[in-house]
Every structure is written in C-alpha cells, then in structure tokens.
Amino acid sequence: MTLRLISSRCSIYTAEKILRTRQVKRKPLRSLLRCRPYCTSSSHEISFRERLQSYGEGSVDLTKDETDGIAVITLNNPNKKNAVSGKMMLDFRNVVEDLEAWDDGKGVILTGSQGTFCSGGDLTTVQNILTPEQGYQMADFMHETLTRLHCLPLISMALVQGNAIGGGAELTTACDFRVMTNTARIGFVHMKMGVLTGWGGATRLVRLVGRSHSLDMLCSSRLLSSQECLRQGLADHIIPIQTPKKESVEDHDDVMKIGRAWLSQYCRADRQLVRDMKTAVLGACELDYMSSLERERAIFNRTWGGPAHKRALDLNIKHS
Ligand SMILES: CC[C@H](C(=O)O)C(=O)SCCNC(=O)CCNC(=O)[C@H](O)C(C)(C)COP(=O)(O)OP(=O)(O)OC[C@H]1O[C@@H](n2cnc3c(N)ncnc32)[C@H](O)[C@@H]1OP(=O)(O)O
C-alpha cells in the first residue's frame, strides 16, 4: 500500500529505496509506521505544503544542458546566503521530480548563487514551524526530497563556494561528489543551534567518512576548511581560487566552468552506461551484498552486446 502510494510519485526503484530508508534496521514496515509519531495523511501533507509555500522567499532553479547531459540546480536566496525557505523546499522537490523524468541526463551539479553555497534552513521559516509536529513534517519532506536526489541515475556533485552551513552541509552529503573551492567551508553547526541534523545529514555523513570522523564533525560544530574536508574524505577535489580575498560573484562563472569540467570526466561514456553504472554503485552502497549482485547482473545484461559494447570491440582499443 505504502509502496504504491510512493511509487505513484516516483520510479519503483526510487520508491523501494525510500521505503528501505524508512525501514529502520529492516524492521517490518508495520512496526516502522508505529514509530512515526505524527499522522502524515495526504490532507496533513497538503496543508503543510501550503504552510511551506507561504514562506516564499528565494527559489531553487534548474537548467538542463541537453548537449553534455549535465543539469545545474541553483539555490537562489542571495540576501540570506541561500538559506532554504519553505517555498524553496517545495521548489527543490519539483526540481528533483523534473530530473527523475529527464531520461537524457548524465550528471547534475548542486550549487548556490552569488559565490556561496547555502546557510541552512531559513531562520524565518524555522521560527514559524517550531512545533514538534511541524519539525517532523519538514524533516520527513526533506528526507524524501534528498533521498530521491541521492538515488537519481545521474552522477551528482555539490559545488561548494563560500559556506555550506547546517542544512547546507547536509545537502552536500546527498551528492556523489563534493568539490570545494580552497576558501570554502562546510559546517555541521546543528548542535550549536540546539538541534540535530533535520535533513538526514548524519546518516549520509557516517556512510561517507565513518563513525569517529562524523562524531567529530557533528559534535564539534566547527567549520571545516576545504583542506580538512579533503583529508577526512568529505571533499573529493579542491578548486584553487586565485584571489586571496573573499570569493566574489565574478569568480562564480569560472568556478562553475572548472567544476563542470571536473564532473564531465565521469560523464564521457554513453548516456545509458553512465546512468547504469551510477545505479549499480548506488545499489552496492544501499542494498545487501546478494541483492546488489543481482541488480548488477541485471544491469550488466542490458549493456552486454549492446551498441556501445559492439562499437568498442570494433575499435580494437589498447588501454595505454
Ligand atoms: C535542519 C537544518 C537546520 C535548521 O533549519 O534548523 C539548520 O540549517 S541549522 C543552521 C542554520 N543556519 C545558521 O545558523 C546560519 C547563520 N548564519 C551565519 O552563520 C552567517 O550568516 C554565514 C556564516 C552563513 C554567512 O556569514 P557572512 O558574514 O558571509 O554573511 P552575513 O552573516 O552578513 O549574512 C548575510 C545575511 O544573510 C542572513 N542569513 C544568513 N544565514 C541565514 C539563515 N540561515 N536564515 C536566515 N537568514 C540568514 C544574515 O542574517 C544576514 O542578514 P542581514 O539582514 O544582512 O543581517
């Protein structure tokens, strides 16, 4: 029943993943539903969405380049360092749904406008949804959006300039790669703000950097330099910025060009191959060993003897 409800809004594969995410330690679904403290019936969800919409600053914008198959999601609320308002949470969901339907895509870049990434939840929106029930609904909504982003068959990269703070730091963990400029910082400042990670960041961070590094990053609330992020395995690449002063808006285009080129190195193969390889890797991260092998076999079988395979064989390639 729940699977059907979710799958009316997204692919079966994504729906399976969302359910799996919700099944804490493989508990039966029924016991998980008993754990959910608040009713999330569709009427509750609609009124919560209306509430989010009323906190209407900023936008989350999507551009899709059909030539190279790379899309860009831009968090756009520059007066508040791209803090995510209620409306932007809704925009974000629409953007992810759009990407789920984009069959021609290979990669996606998540970035912020005007030389900075994101300063977390918009504190005005936060002030207006402070009841435990509203907090739960907001977390549930963002968990689903970010799980669906994480599960896209596109190779995803967070391009971090300036600061990724609180929820902004959590957003970076929903991507496959994190590329930072040398002056950028990531800070899981939640505990300093008296709250836990509301957008699923702790769960994903532990999978990225392990238990002790995660506890260090989460419980210290400190801002991590790009060099530290690289050392700890949170960042994958650093883009050097020439100017020693603060990053400016003018840098943004250059940084985007370099970031895009960095992601493109993984998007050179045929569109379907890129998507299939991402799906296989995702399965290996999220499924048990045997299920992942089964999925990998099925995906492999789609490529074997296909046009890309035959073309490569005809070329008699030497891998020097
Ligand atoms: C589940 C997610 C979780 C939650 O929602 O509870 C979180 O995200 S917790 C973290 C919440 N975010 C913060 O606490 C960030 C607070 N902001 C800062 O620390 C700084 O503004 C910083 C480091 C992001 C940027 O510093 P900088 O010196 O470059 O800029 P300003 O401080 O002058 O900021 C400019 C302007 O933006 C406003 N601003 C910044 N962040 C937010 C925000 N999250 N919500 C609303 N408004 C924000 C800031 O107040 C300034 O406004 P102004 O009117 O010009 O004073």
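**Sheets, core and ligand shell of the predicted model**

Three strands form an open sheet in the order β5-β7-β8, in which the pairing is mixed. Because β5 and β8 (223-225) occupy the edges and have a single partner strand each, one side of each is left without a neighbour in the sheet. On average, and with direction ignored, neighbouring strands of this sheet are turned by 20° against each other. The coordinates analysed here belong to a predicted model. Within the sheet, β7 (residues 185-187) and β8 are joined over 3 bridges in the antiparallel sense. Across this pairing, Arg-185 is placed opposite Ser-225 of β8.

A further open sheet comprises 6 strands, ordered β1-β2-β3-β4-β6-β9, again with mixed pairing. Its edges are held by β1 (59-65) and β9 (237-239); each has a single partner strand, so one side of each lacks a neighbour in the sheet. The average turn between neighbouring strands of this sheet, direction ignored, is 20°. Strands β3 (residues 107-112) and β4 (residues 155-160) run in the parallel sense and pair over 4 bridges. Leu-110 has Ala-158 as its bridge partner in β4. Helix α5 packs on this sheet, where it touches β1, β2 and β3, and its direction makes about 20° with that of β1.

At the level of the whole protein, 15 helices and 9 strands are assigned. The protein has 320 residues, of which 39% are buried. Among contacts with a separation of 6 or more, 74% join residues that are 24 or more positions apart.

In soluble globular proteins, nonpolar side chains tend to be buried together. The largest nonpolar core of the model contains 58 residues, and Val-108, Leu-110, Leu-159 and Val-160 have the most contacts inside it. The greatest contribution to this core comes from helix α5 (residues 86-100), which supplies 6 residues. The surroundings of Val-108 were examined with its neighbours within four places in sequence left aside. On that basis, Val-108 is in contact with Ile-70, Ala-71, Ile-73, Leu-99, Leu-152, Leu-154 and Ser-156.

The ligand is surrounded by 20 residues, and those that come nearest are Gly-120, Gly-121, Gly-166, Gly-167 and Gly-198. By class, this shell consists of 8 nonpolar, 9 polar and 3 charged residues. At least two residues of the shell are supplied by each of α6 (123-128) and β5 (163-165). Helix α6 gives the most, with 3 residues. Strand β5 thus appears both in the shell around the ligand and in the sheet ordered β5-β7-β8.

Backbone geometry was also considered. Most residues other than glycine have a negative phi. Asn-82 is not a glycine, yet its phi is positive, at about 60°. This residue lies in the loop between β2 (70-76) and α5. Asn-82 is classed as buried because 31 other C-beta atoms lie within 10 Å, the criterion being 20 or more. Ser-221, likewise not a glycine, also has a positive phi of about 60°. Its position is in the loop between α10 (211-220) and β8. Ser-221 has 14 C-beta neighbours inside 10 Å and therefore counts as partly exposed. Asn-82 is thus buried, whereas Ser-221 is partly exposed.

Terms used. Residues numbered from 1 in each chain as written. Predicted model: local features only at pLDDT ≥ 70, side-chain atom pairs only at ≥ 80, totals over all residues. Near = placed C-beta within 6 Å. Nonpolar A, V, L, I, M, F, W, Y, C, P; charged D, E, K, R; others polar. Core = buried A, V, L, I, M, F, W, Y, C linked by C-beta atoms within 7 Å. Buried ≥ 20, exposed ≤ 12 C-beta atoms within 10 Å, placed from the backbone. Contact = placed C-beta atoms within 7 Å. Pairing = 2+ DSSP bridges. Axes fitted to C-alpha atoms, helices over the stretch in contact; angles between N-to-C directions.
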